[in-house]
Amino acid sequence: MDTASMGAHDAVRTAPRALATEAVHAGRDDLARQGLHAPPIDLSTTYPSYDSRGEAARIDAFAATGADPDGPPVYGRLGNPTVARFETALARLEGSEAAVAFASGMAALSAVLLVRASMGLRHVVAVRPLYGCSDHLLTAGLLGSEVTWTDPAGIAEALRPDTGLVIVESPANPTLAEVDLRAVAHACGSVPLLVDNTFATPVLQRPAEQGARLVLHSATKYLGGHGDVLAGVVACDEEFAGRLRQVRFATGGVLHPLAGYLLLRGLSTLPVRVRAASANAAELAHRLAADPRVTRVHYPRIGGAMVSFEIHGDPHEVIAGVRLITPAVSLGSVDTLIQHPASISHRIVDADDRRGAGVSDRLLRMSVGLEDVDDLWSDLDQALKRLETAPTALRCSPPHPHPSKQIHPAAQ
Ligand SMILES: *Cc1c(COP(=O)(O)O)cnc(C)c1O
């Protein structure tokens, strides 16, 4: 049994370590002492114990604070040692006290909303655009929350006595709009700020250092990094983490230990993947900006591996035309994906709200992977050629050259 992983990593850490070092060592510091190199996978759902008095005390302690139980685990929904390794590692990368993992990004966001609602704080202030399903969860009030949408400058004014949370994404899905996190954190006062850091990853941005109390990831994306794990995680202080663990225990949105293992493995290459894919993305953004078939390119100031662009003509033609690039929703994998937000990732958002948030019907969102950049460009180029021949595209908008077009660093 892998009990040494539960909360024991801090004890053996000595000097502060750089992100690249944490990426391959955090959550694994005890392994060498155990005579192991790869982290063990603990698939147990339950754990035998002859000391039921001790177990009762551990359950009482968890009910009081939500702290990870000391000693041997009790039951899989209360905590798992393999998942705990991933949580320890991600907390270290984000520079937070703790992290709590969930079955998906949406399960993570749901748990945060439930924590605040259980304290009577049902009002949420949020800045569009957000990921389509996050927008939907808030707008539909599925968990009993009530949302006020505003821009970053309107946050302070939108706060009410029952506001439990402020939510922003930066860079945002899918326009890559950026918000000044420090200014937003200041505007929140004592209300917790949740920053969805899925697109930037801790390699490019650590929102906790800028005043965010909660840092959320769809770990399905860059943290896993290979398109084969669905997961979510919230990095935060230990007090909030305790409440999240209690909600996770009560509602059951736990992460499977195999997924925890794959995420820990994914973190070890996160810095090199993000840097290499970002270099590709920056080059593609540059080439797209110089292309007369493209009307606007969105690429964040902080960089990253996501590029969004608007085109002359019908975006469905580009989706139908790619061959090397995969036409699929999601992002953050080793290979390049492209999708049309108005049709797929943000379809569930009301069309007027979507357009109001800057998500044009002609916007395409590309998650750039690790392929050779010239191969990627050739594929994009041949897909964009369909715009020149598609009759609907010519009717919509003749392909005038726009030689002065700039990359649009979408800041608010
Ligand atoms: C995908 C995504 C989510 C939702 O995560 P799932 O793992 O799909 O539940 C949340 N936020 C952002 C920015 C995303 O891209």
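Start at the ligand of this predicted model. Select the residues around the ligand: 14 of them surround it, and the closest are M106, D196, S218, T220 and K221. Colour this shell by residue type. You get five nonpolar, six polar and three charged residues.

**Ligand contacts**

Now show the side chains of T220, K221 and N173. In T220, a side-chain N or O atom is 2.6 Å from an oxygen atom of the ligand. For K221, the distance from a side-chain N or O atom to a ligand oxygen is 2.8 Å. For N173, the corresponding distance is 3.1 Å. Each of these pairs falls within the 3.5 Å limit for a polar contact. Next, switch on the surface. On its own the ligand has 380 Å² of accessible area, and the protein covers 93% of this.

**The loop between β4 and α8**

Stay with N173 and follow the chain one step. The peptide bond from N173 to P174 is cis, with omega near 10°. P174 sits in the loop between β4 and α8. Select P171 next, in the loop between β4 (163–169) and α8 (181–188). The bond that leads into P171 from S170 is also a cis peptide bond, and its omega is near -10°. Then click on L176. Its phi is positive, about 65°, although L176 is not a glycine. L176 too belongs to the loop between β4 and α8.

**The sheet**

Switch to cartoon view and find the strands. Seven of them form an open sheet, with mixed pairing. Trace the order across: β1-β7-β6-β5-β4-β2-β3. Where are the edges? Select β1 (98–102) and β3 (146–150). Each has a single partner strand, so one side of each is left without a neighbour in the sheet. Turn the sheet to view the twist. On average, neighbouring strands are turned by 20° against each other, direction ignored.

Zoom in on the β1 edge. β1 and β7 (residues 232–236) run antiparallel, and five bridges join them. For one point of reference, pick A98: C236 in β7 stands opposite.

**Helices on the sheet**

Which helices pack here? Select α4 (residues 81–94), which packs on the sheet and touches β1, β6 (214–218) and β7. The direction of α4 makes about 130° with that of β1. Then select α10 (residues 238–251), which also packs on the sheet. Helix α10 touches β1, β6 and β7, and its direction makes about 20° with that of β1.

To finish, go back to S218. This residue is among the closest to the ligand, and the range of β6 is 214–218.

Conventions: Residues numbered from 1 in each chain as written. Predicted model: local features only at pLDDT ≥ 70, side-chain atom pairs only at ≥ 80, totals over all residues. Heavy atoms only, no water. Near = heavy atom within 4 Å. Polar contact = N/O pair within 3.5 Å; in protein donor to acceptor, adjacent residues only side chain to side chain. Areas by Shrake-Rupley, 256 points an atom, 1.4 Å probe, with all protein chains shown as cover. Nonpolar A, V, L, I, M, F, W, Y, C, P; charged D, E, K, R; others polar. Pairing = 2+ DSSP bridges. Helix = DSSP H or I, 4+ residues; strand = E, 2+ residues; numbered from the N terminus. Axes fitted to C-alpha atoms, helices over the stretch in contact; angles between N-to-C directions. Contact = heavy atoms within 4.5 Å.
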